[in-house]
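Thanks for sending this one over. Here are my notes, set out so you can go through them with the model open.

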Amino acid sequence: MGWSFHGIKEEFDKALALHDKVHWDFVQIQLNYSDWKHASGNNINADYLYSEVTKKNIPVVVMEPLLGGRLSNIPEHVFTRLKERNPEGSVASWAFRFAGSPEKVLTVLSGMTYMEHLQDNIRTYSPLVPLTQEEKDFLEETVQLMLRYPTVPCNDCKYCMPCPYGIDIPGILVHYNKCVNEGYMPKSKLDENYAEARRAFLVGYDRSVPKLRQASHCIGCSQCVPHCPQSIDIPKELHRIDQYVEQLKQETL
Ligand code: SF4
Ligand code: SF4
């Protein structure tokens, strides 16, 4: 018998303390190379969760090894960095090796959509080559680089939907993240790729999200906020994105 943790630290500590009475067979935690030391929102750093569970010698089941897919959908320069380090391995394989490396990990859960995902994961775990300390340091540096890029931690779960005012919240945030990851986020007219990036952002926005469902129509009622498991301040992010869109349209960057 075991449990999956999705709460606050006090609840985690309380449930773990029950081990002395009930003897847990496993505890399931969110663990990946980003959340290890840099968990965002309500999430708790995985190094804390893992060390507390293993102090009691309980096997660990890992969920979200790819952080809702965000560790396979990374900025281009980070992608290049990982591929240069290991040209044979997929970007996702770094995350799966990280998740499978700690000694007390019993199993790693992965939502797989396509046959290639299954094949890639089987390759990574046949057999699993645990990360060296040097590789762990390399991933920590990689996370630091990723944190400098201001993507919104939306994993497209759609729990915030429907918005009573028809806003396509995940559609907007996913488009924004895609542009950040692909380098279509001009910061000023002086940017080398300004015209191309401006066009890619604006045309892509209109294609991905119908005009009436775009961020400019959010009235800031905050009804969506309590539904977001990533604790994203949705109206604030939508307002920020809308202001950016206006600057792009008016060419006032
Ligand atoms: S804050 Fe904006 S996105 Fe959220 S429910 Fe209200 S109108 Fe919709
Ligand atoms: S609930 Fe949060 S993480 Fe999920 S789609 Fe909405 S904004 Fe994104």
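The points below go through the two ligand sites, the strands, two helices and some backbone details.

1. First, a reminder that this is a predicted model, so everything here is computed from predicted coordinates.

2. Ligand 1. There are 13 residues around ligand 1, and the closest include C163, C218, C221 and C224, along with S222. By type, the shell of ligand 1 holds 11 nonpolar residues, 2 polar ones and no charged ones.

3. Ligand 2. The shell of ligand 2 also has 13 residues, with C154, C157, K158, C160 and C228 the closest. Charge does turn up around ligand 2: the split is 9 nonpolar, 2 polar and 2 charged.

4. Strands. Take β3 (residues 60-63) as your reference point. V60 and V62 point to one side of β3, while V61 and M63 point to the other, and all of these are buried. As a rule, side chains in a regular strand alternate between the two faces of the sheet. On the pairing side, β3 runs parallel to β2 (residues 26-30) over 4 bridges, and V62 of β3 is the bridge partner of I29. There is also a parallel pairing of β3 with β4 (residues 105-108), this time through 3 bridges; there, V61 sits opposite T107 of β4.

5. Helix α8. Does its length fit, or is something off? The 15 residues of α8 (residues 133-147) should span 21 Å at 1.5 Å a residue, and the end C-alpha atoms are 21 Å apart, so the two agree. Buried in α8 are E135, F138, L139, T142, V143 and M146. Looking down the axis, the buried residues of α8 fall within an arc of 145°, which means they line one face of the helix. An α-helix has 3.6 residues a turn, so residues three or four places apart point the same way. Q133 and E134 are exposed on the other side of α8. As for what the buried residues of α8 pack against, look at α3 (35-38), α5 (76-85) and α6 (91-100).

6. Helix α11. With 17 residues, α11 reaches 24 Å from its first C-alpha to its last, close to the 24 Å expected. Its buried residues are I234, P235, E237, L238, I241, D242, Y244, V245 and L248. Note that E237 and D242 are on that list. The cover over the buried residues of α11 includes α9 and α10. Just after α11, E251 has a positive phi of about 55°.

7. Cis peptide bonds. Most residues other than glycine have a negative phi, and most peptide bonds are trans. Two bonds here are worth a look on that score. The bond from S126 to P127 is cis, with omega near -10°, and P127 lies in the loop between α7 (115-124) and α8. M161 and P162 are also joined by a cis peptide bond, with omega about 0°; P162 is in the loop between α8 and α9 (169-182).

8. Positive phi in the α10 to α11 loop. S222 is not a glycine, yet its phi is positive at about 70°. S222 lies in the loop between α10 (194-208) and α11 (234-250), and S222 is also one of the closest residues to ligand 1. S231, in the loop between α10 and α11 as well, has a positive phi near 55°. How exposed are they? S222 has 34% relative accessibility, so it counts as partly exposed, and S231, at 35%, counts as partly exposed too.

9. I232. This residue is found in the loop between α10 and α11. At 5% relative accessibility, against a cut-off of under 20%, I232 counts as buried. What does I232 touch, beyond its neighbours within four places in sequence? Its contacts are V152, P153, C154, V225 and E237. Of these, C154 is among the closest residues to ligand 2, and E237 is one of the buried residues of α11. The C-alpha atoms of I232 and N155 are separated by 11 Å, with their positions 77 residues apart along the chain.

10. D13, to finish. D13 is in helix α1 (residues 9-17) and counts as partly exposed, at 26% relative accessibility. D13 and Y114 are 101 residues apart in sequence, and their C-alpha atoms are 37 Å apart in space.

Notes:
Residues numbered from 1 in each chain as written. Chains lettered and ligands numbered in written order. Predicted model: local features only at pLDDT ≥ 70, side-chain atom pairs only at ≥ 80, totals over all residues. Heavy atoms only, no water. Near = heavy atom within 4 Å. Nonpolar A, V, L, I, M, F, W, Y, C, P; charged D, E, K, R; others polar. Helix = DSSP H or I, 4+ residues; strand = E, 2+ residues; numbered from the N terminus. Expected span 1.5 Å × (residues − 1). Buried < 20%, exposed > 50% of the residue type's maximum accessible area, 1.4 Å probe, protein only. Arc of directions from axis to C-beta. Contact = heavy atoms within 4.5 Å. Pairing = 2+ DSSP bridges.
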